[in-house]
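Please walk through this model with an eye to how its strands pair and where its charged side chains meet.

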Amino acid sequence: MVARLVIAAPSSGAGKTTVATGLMAAFAGRGLAVSPHKVGPDYIDPGYHALATGRPGRNLDAYMCGTGLIAPLFLHGARGCDLAVVEGVMGLYDGAADQGELASTAQVAKLLKAPVVLVVDASSQSRSVAALVHGFASWDPEVRIGGVILNKVATDRHEHLLREALGESGVPVLGVLRRAPAVATPSRHLGLVPVAERQAAAVEAVAAQAEQVLAGCDMEALLALARSAPSLDAEPWDAHGSWSAPEPGRKPVIAVAGGAAFTFSYAEHTELLRAAGAEVVTFDPLRDEALPEGTRGLVIGGGFPEMYGEQLSANEPLRKAVAELAASGAPVAAECAGLLYLARSLDGTPMCGVLDADARMSERLTLGYRDAVAVNDSVLAPAGTRMRGHEFHRTVIEPGAGPLAAWGLRQPERRVEGFVQGGVHASYVHTHWAGSPEVAARFVGHCA
């Protein structure tokens, strides 16, 4: 049995990340082994969770991985831990568009049989908070809201009014947090600024969040609520459980882009590559002038290359090495930021030139889940393979697809996108390989 809490809110912007990260850091500071999780496809919040706990932040995405994998992936991440804290996404009952409760925080809480702590932005209300909490607590009887944390409370008088109103709701107040600028985390066009870009400032912010939570929350009541969760009837996910053991001596080196420009990755991808027999080596395109020795394949995930375009371009030796590797036919898997890096240019600045396409920043935010079908055979999947993914960017690439496209998308509009070119698979669509582990096995097989 893993003690666990789901931190949710009525809507985005209520303070879920502050409370969840502060709780993680506060409990870890008390000597507990804390497992951090995030509902949905978000890459940035898990970076702060990892900083707070010293463990990889892991995602629980029912759309991309399927509902049947939520409990196994959760148990995999929580192995050996005393407590797990799961940060929700958007509002408690918000999920994939036109898909009912699918991928919502509420659905994940039910799949995990986990009590929910509702974080409420109380800055512009008093007695109305009781009606709000009552509505959320009664909407779905299978969702157990075990308590409320009131955020952005102005004064002692304000707190008194809120507590008095909630006294009749039957939902206990487990914390009251005042407005505190020190705990704020800066944002930009795709959300919070990642940990890798803030370093010391991120450490200070997480410490301030922990202090705020310790000062304003009933930690013993929260821990007791977490320990009231029942056992889960599931086995932990195992990266080695999806295929037979790799052949002896087969260890192709797969280079994975990291550093401040490429921070978007799921921990399970690396675990799956290693389970399939690869030696995974991380490199930083901002600093390293050569690919890791013996590189046979390359994975370039998401991130913010648009913030580092000139630095990436200035590293001409690495750009040349990437282009030569791709020209040799070696497997290259690129998602979103990786797609931009492989382009001829980004906002007029030279990139690797692997793809005959140019990228630029856009005013339009492209965001949402995608139901995708592989249009052509590639190093990731044979033609006809159906996968689910997610797009999240403020850039466009022209053309949007190569002569051989990567994916055919069914929603929100039908279109083809991405590039299959030799051993290169480049696309805006982020995928979670835990939901399709054969992708990692196929990629490693091509590398070997």
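In which sense do strand 13 and strand 21 pair, and over how many bridges? Strand 13 (residues 332-335) and strand 21 (residues 424-427) pair in the parallel sense, over four bridges, where strands are DSSP E runs of at least two residues and helices are H or I runs of at least four, numbered from the N terminus, and where two strands pair if DSSP finds at least two bridges between them. The model is predicted, so that local features need pLDDT of at least 70 and side-chain atom pairs count only at pLDDT 80 or more, while totals for chains, interfaces and linings use all residues. Residues are numbered from 1 along each chain as its sequence is written, and side-chain values use heavy atoms, with hydrogens and water left out.

The bridge partner of Ala 333 is His 425 in strand 21. Strands 13 and 21 belong to an open sheet of six strands with the order 11-10-12-13-21-20 and mixed pairing. Its edge strands, each pairing on one side only, are strand 11 (279-283) and strand 20 (419-421). On average, neighbouring strands of this sheet are turned by 15° against each other, direction ignored, with axes taken as lines fitted to C-alpha atoms (for helices over the stretch in contact) and angles running from 0 to 180 degrees between N-to-C directions. Helix 13 (residues 316-327) packs on the sheet and touches strand 11, strand 12 (295-300), strand 13 and strand 21, contact meaning heavy atoms within 4.5 Å; the direction of helix 13 makes about 110° with that of strand 12.

Turning to the charged side chains, a search of the whole structure finds 18 salt bridges, each being a side-chain nitrogen of Lys or Arg within 4 Å of a carboxyl oxygen of Asp or Glu. One of them joins Glu 87 and Lys 38 at 3.1 Å, N to O, and this pair links strand 4 (residues 83-87) with strand 2 (residues 34-39), 49 residues apart. Glu 87 is buried, with a relative accessible area of 0%, and Lys 38 is buried as well, at 4% (buried is under 20%, exposed over 50% and partly exposed in between, with a 1.4 Å probe and protein chains only).

In another salt bridge, the closest N and O atoms of Arg 386 and Asp 371 are 2.5 Å apart. Because Arg 386 lies in strand 17 (residues 386-398) and Asp 371 in strand 16 (residues 358-374), the pair ties together parts that are 15 residues apart in sequence. Arg 386 is partly exposed at 46%, whereas Asp 371 is buried at 7%.
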